[in-house]
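This briefing covers internal cavities and one helix pair. Please read it beside the structure shown here.

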Amino acid sequence: MSTPTTPSRTQLGGPVLPTSDARVPHRPVADVTVDGGLWQHWQTVNRTASIPTGVAKLEEFGNLANLRLAAGEDLADEHRGPVYVDSDVHKLLESAAWELRHAPDPGLADFVDAATGLLERAQEKDGYVNSYYQVRPGQRYTRMENSHELYTAGHLLQAAVAVHRVLGDDRLLGVARRLADHLVREFLREGELRLDGHPGAETALVELFRDTGDRDYLELAAALVEGRGRGRVGRSTRGSAYFQDHAPAREMRSLVGHAVRALYFEAGIVDVAVETGDGTLLRTSIARWDDMVSTRTALTGGLGARQLAEAFGERYEQPPDQAYNETCAAVASIHWSWRLLLATREGKFADLIERTLYNAFAASISIDGREYFKGNPLQRRPDHAEAIGDPRYRDGWFWSACCPPNVTRLMATLEDYAATATADTVYLHQFATSTLRQPLASGVVELAVVTDYPWDGTVHVTVRECPAASWTLAVRIPPWSGRTLMNDGDGERQVARDAQGYVTIRRDWREGDVVTLRFDMTPRLTFPHPRLDAVRGCVAIERGPLVYCLEQVDQRGDVPVDDVALSTESRLRVVDTPHRAGIGRTVVIEADAVQLTPPPAGGFPYYAGGPYAGNPATSRAVPVVAVPYFQWANRGTDAMRVWIPLAG
């Protein structure tokens with residue numbers, strides 16, 4: 001293990017903590033407590049249901065038995081699962097550690113302790129630990145294009161950082177450092193630089209550097225970033241673009257290939273760029289983010305248009321029914337956008353985090369926290385349960401279970417994406433009932449945020465503690481809010497987003513001062529870009545940060561959602577629903593629609609003129625009910641659609 005330098009960190013806290021030397025104008029506000037609302041509900045379900053269920057699955061599916069086998073225990077067993085099966089253990093370790101910030105939990109604490117001990121026993125003397133390849137001796141690093149060895153190691157490193165920051169326990173950190181030092185020797189000092197077909201180690205190595213001060217880890221991360229695009233991954237029938245190995249990072253113009261791999265790689269690129277001060281590397285990542293948002297992102301924030309190879313499609317390729325929009329891609333997108341926000345001060349990155357969080361990500365898990373989607377389509381036909389492809393419905397676990405523990409670790413860290421600070425400014429990016437405490441250059445600021453977001457657009461921010469000197473409060477104004485009102489004590493007035501997407505208030509504050517913002521929650525019809533061929537001639541319903549969908553279970557008289565059309569003149573009525581069977585607290589939208597009578601079954605399904613050409617005798621007015629997309633598929637496996645055809 002190399003000798004570490006003293007880490008220069010602002011404070012211990014969440015999963016992303018740039019050093020004091022990092023080129024980031026923003027720093028995360030690490031002291032945030034979620035006190036109520038939807039976020040608190042999600043985290044309670046995460047702590048009491050999702051993580052304990054996941055830990056039980058680790059035993060049921062053999063993940064823990066695999067590590068016991070690697071440790072020389074349970075020799076009668078045989079290895080089960082894919083090559084990256086250990087990463088599920090690591091992600092649940094990370095999840096449990098972050099959740100232990102919220103409340104004591106003996107069960108989670110025991111899991112952290114037991115899993116740490118198991119990894120200590122399984123680790124080889126040279127630092128290597130990966131049960132799949134330990135059970136199959138002699139196969140280390142022999143097929144890097146698909147071995148996932150560095151990817152799996154990266155998740156162990158991130159788990160160790162979480163355990164160290166939350167619990168102050170350095171046992172797992174010791175395992176991680178021995179493994180990281182092994183990787184430094186193998187790929188940087190003594191061996192040849194080779195790349196994993198699945199990025200992910202890059203950002204983990206940077207965070208381990210931030211936690212320990214050991215620059216070897218940053219140097220290896222930088223080498224992995226710079227080495228990509230030079231044929232070091234290896235050959236595959238999928239082609240080099242699938243692995244983001246077709247062009248160097250500084251030359252790539254857009255995201256291609258496997259969506260999750262590409263997004264993890266981008267997060268690592270930004271981490272390396274800000275810690276090394278490489279502005280060129282950062283700018284290329286921002287350019288790819290802009291291209292992704294404008295041409296490759298679903299309305300829900302979902303990413304990865306193709307089920308085939310879980311990959312990005314071409315520009316404007318967004319099929320609603322066949323899109324994959326993998327859950328892990330939603331998680332990785334939030335990770336990347338957060339790092340870009342820290343590096344740039346640009347609110348557009350927080351805008352995408354919000355869209356992704358409340359839609360593509362939140363839809364991936366059932367209301368009770370026990371079942372998951374791997375893919376998150378925007379349409380399901382009535383016979384989807386018989387279709388070939390993924391997903392047909394949510395499930396409690398998967399052979400390739402990358403998504404469930406990815407959900408739990410992000411749920412456990414929601415507060416870490418809420419706010420940032422500079423020397424004299426606190427920025428509020430996401431809106432949840434919470435308490436924020438942050439030291440500024442002139443003293444400590446403590447804020448209390450109270451809101452019923454995303455159901456209601458009113459946000460109250462109360463100053464509980466503040467320095468005597470002037471400081472600035474900056475609050476993001478979502479781009480969907482057509483008319484935003486603010487009252488900071490001088491009367492209510494309309495305010496607009498500044499160039500970065502915020503409204504800023506600088507003054508001498510006093511304890512008890514309150515700022516109230518009212519975002520425009522009027523429901524709206526959203527139209528697709530004309531090049532989005534798959535949904536041309538359709539509209540979607542949105543309200544606030546939420547995308548809505550028509551789910552068959554809600555429609556009166558069993559009106560098929562596939563036969564419904566909306567008019568641009570359709571009235572959208574908001575119905576606040578404290579409890580709706582199967583989904584709980586919600587706000588639904590009732591709309592006036594038209595039911596189009598389909599032609600008789602059978603025969604060639606194409607015709608000139610006919611019912612869909614606007615013949616009034618073949619259509620009738622019907623009411624429809626739309627629910628938030630993230631709440632769908634909790635009351636059965638019926639049809640659903642986000643994009644609805646326009647009538648006439």
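The points below treat the cavities and then the packing of two helices.

The model is predicted, with local features needing pLDDT of at least 70 and side-chain atom pairs pLDDT 80 or more, while totals for chains, interfaces and linings use all residues. Residues are numbered from 1 along each chain as its sequence is written, and side-chain values use heavy atoms, without hydrogens and water.

**Cavities**
- The structure holds eight cavities of 30 Å³ or more (a cavity is a set of points on a 1 Å grid over the protein atoms alone where a 1.4 Å probe fits but cannot get out).
- The largest cavity encloses about 220 Å³, a volume being the space filled by probe spheres set on the grid points, which are joined across faces, edges and corners.
- Its lining (residues with an atom within 4 Å of a point) has 22 residues, of which Glu 94, Gln 158, His 335, Arg 339 and Arg 409 are the closest to the centre.
- Helix 7 gives the most to this lining, six residues (helices are DSSP runs of H or I, at least four residues, numbered from the N terminus).

**Helix 7 and helix 9**
- The two helices pack at about 30 degrees with axes 8 Å apart (axes are lines fitted to C-alpha atoms over the stretch in contact, and angles run from 0 to 180 degrees between N-to-C directions).
- Helix 7 and helix 9 are therefore roughly parallel (angles under 35 degrees).
- Residues in the contact (heavy atoms within 4.5 Å) include Gln 158 of helix 7 and Leu 205 of helix 9.

Terms used: On a 1 Å grid over the protein atoms alone, a cavity is a set of points where a 1.4 Å probe fits but cannot get out, and a pocket is an open set with protein on both sides within 12 Å along at least five of seven lines; lining residues have an atom within 4 Å of a point. Angles under 35 degrees count as roughly parallel, over 145 as roughly antiparallel, 65 to 115 as roughly perpendicular and the rest as oblique.
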